[in-house]
Amino acid sequence: MTDFSSKWLVETDWLAERLGAPGLVVVDAGLTMPADARAANEVYNEAHIPGALYFDIEALSDTNSPYPHMLPSPEKFASRMRKAGIGDGMKVVVYDSKGLFSAPRAWWMFRVMGHEDVVVLNGGLKKWLAEGRPVEAGAPTPRSERHFTARKNSELVREIDDMIHIVEGGRTQIADARSKPRFEGAEVELRPVARLGHMPGARNVPYGSLIAPDGTLKPAAELRAAFEAAGIHPEKPVITTCGSGVTACILALALAVTGNEHAAVYDGSWAEWSEVPKAPVTTGPA
């Protein structure tokens with residue numbers, strides 16, 4: 001039986017033994033949210049895993065979109081990776097400073113762009129620091145440019161028109177990563193939106209329910225149980241969503257760890273859905 005945890009996650013001791021190895025690149029995918037006191041690049045400059053590059057999710061987005069951190073074009077992604085020194089054939093380890101928050105977004109982005117040799121550091125910088133492991137400050141040593149081939153895997157992404165069709169059909173599972181109050185429309189969103197609530201037929205799997213206190217992803221059996229308790233069958237097709245397409249990727253990672261490696265993410269998520277008049281909205285429990 002395949003151990004999907006070891007395929008998509010690596011532990012801190014594994015990384016500590018391999019820092020600086022040829023063909024391995026570590027990236028800090030920290031992301032600033034509206035409630036954060038400091039910018040993500042400031043957190044990175046203060047302390048990051050030695051040799052880690054800063055993966056700027058905001059800069060690596062479609063800056064022409066009115067919605068936050070939407071996927072960039074494959075051409076833009078490939079250009080940025082090439083200049084950063086991340087190339088074909090390299091193993092990419094992504095992490096963030098919060099334990100497990102925005103790193104899965106970077107993991108998903110690499111996979112969407114056709115780079116499957118990417119893993120998430122389980123527990124991220126939070127666990128790394130708790131174990132007393134070394135960090136460095138400031139800018140990393142520049143890397144030589146590498147060739148990066150981007151081939152978009154559209155199977156892992158859903159757009160607004162796809163989602164409207166899916167919701168109307170009512171046959172595909174939708175897992176929403178937001179908190180219960182936000183899902184039910186009883187609490188305002190992190191960003192101003194036109195409407196509160198959720199997509200008809202969606203089920204609520206708050207991303208926090210999948211993460212242990214130390215910032216690591218819970219074991220596969222517990223992840224599976226959390227999805228099943230929400231009415232989601234993990235082994236069947238699932239589309240994940242959230243507020244702006246970040247924590248939806250935590251659900252996608254959790255599903256991959258349980259064996260469902262093809263869960264798609266609705267990139268625009270609630271930031272987009274709430275603004276589209278023809279997109280139906282409901283409130284209250286699932």
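Me: How many bridges join strand 7 to strand 9?
Reply: Strands are DSSP runs of E, at least two residues long, and helices are runs of H or I, at least four, both numbered from the N terminus. Two strands pair if DSSP finds at least two bridges between them. Strand 7 (residues 173-176) and strand 9 (residues 238-241) run parallel. Their bridge count is 4.

Me: What kind of model is this?
Reply: Residues are numbered from 1 along each chain as its sequence is written, and side-chain values use heavy atoms, with hydrogens and water left out. Local features need pLDDT of at least 70, side-chain atom pairs count only at pLDDT 80 or more, totals for chains, interfaces and linings use all residues, and the model is predicted.

Me: Which residue of strand 8 is the bridge partner of Asp176?
Reply: Strand 7 also runs parallel to strand 8 (residues 203-204), with 2 bridges. In strand 9, Ala175 has Thr240 as its partner. In strand 8, the partner of Asp176 is Asn204.

Me: Which strands are the edges of the open sheet?
Reply: The sheet has 5 strands in the order 6-10-9-7-8, and the pairing is parallel. An edge strand here pairs on one side only. The edges are strand 6 (157-158) and strand 8.

Me: Are the two faces of strand 7 covered or uncovered?
Reply: Buried means under 20% relative accessible area, exposed over 50%, and partly exposed in between (1.4 Å probe, protein chains only). Gln173 and Ala175 are buried on one side. Ile174 and Asp176 are buried on the other. Both faces are covered.

Me: How many residues of strand 2 are buried?
Reply: Leu24, Val26 and Asp28 fill one side of strand 2, and Val25 and Val27 the other. Both faces are covered. For strand 2 (residues 24-28), the buried count is 5 of 5.

Me: Which residue of strand 4 is the bridge partner of Asp28?
Reply: Strand 2 joins strand 3 (residues 53-54) in parallel by 2 bridges, and there Asp28 has Tyr54 as partner. Strand 2 also pairs with strand 4 (residues 91-95) in the parallel sense, over 5 bridges. In strand 4, the partner of Asp28 is Tyr95.

Me: Which helix gives the most residues to the largest nonpolar core?
Reply: A nonpolar core is a set of buried Ala, Val, Leu, Ile, Met, Phe, Trp, Tyr and Cys residues joined through side-chain atoms within 4.5 Å. The largest has 61 residues, and Phe55, Val94, Trp107, Trp108 and Phe110 have the most contacts inside it. Strand 2, strand 4 and helix 5 (103-112) are among the elements that each supply at least two residues. With 10 residues, the top contributor is helix 10.

Me: Where does this core lie relative to domain 1 and domain 2?
Reply: Domain bounds come from an automatic or database domain assignment. Domain 1 (9-131) and domain 2 (157-274) both give residues to this core, so it lies between them.

Me: How many residues does the second core have?
Reply: This core is separate from the largest one. Ile160, Ala202, Ile239 and Trp270 are among its members. Its residue count is 16.

Me: Why is helix 5 called largely enclosed?
Reply: Trp107, Trp108 and Phe110 are among its buried residues. Arg105 and Arg111 are buried as well. Helix 5 is largely enclosed by the rest of the structure because its buried count is 10 of 10.

Me: Why is Cys249 not bonded to Cys242?
Reply: A disulfide is a pair of cysteine sulfur atoms within 2.5 Å, and the whole structure has 0. Cys242 counts as buried at 2% relative accessibility, and Cys249 at 0%. Cys242 holds the closest cysteine sulfur to that of Cys249, but it is too far for a bond, at 6.9 Å.

Me: Which feature does UniProt place at residues 20-137 and 168-282?
Reply: UniProt positions follow the numbering used here, feature names are shortened, and annotations may be inferred rather than shown by experiment. Residues 20-137 are 30% helix and 14% strand, while residues 168-282 are 29% helix and 11% strand. The unreviewed UniProt entry gives both spans as "domain: Rhodanese".
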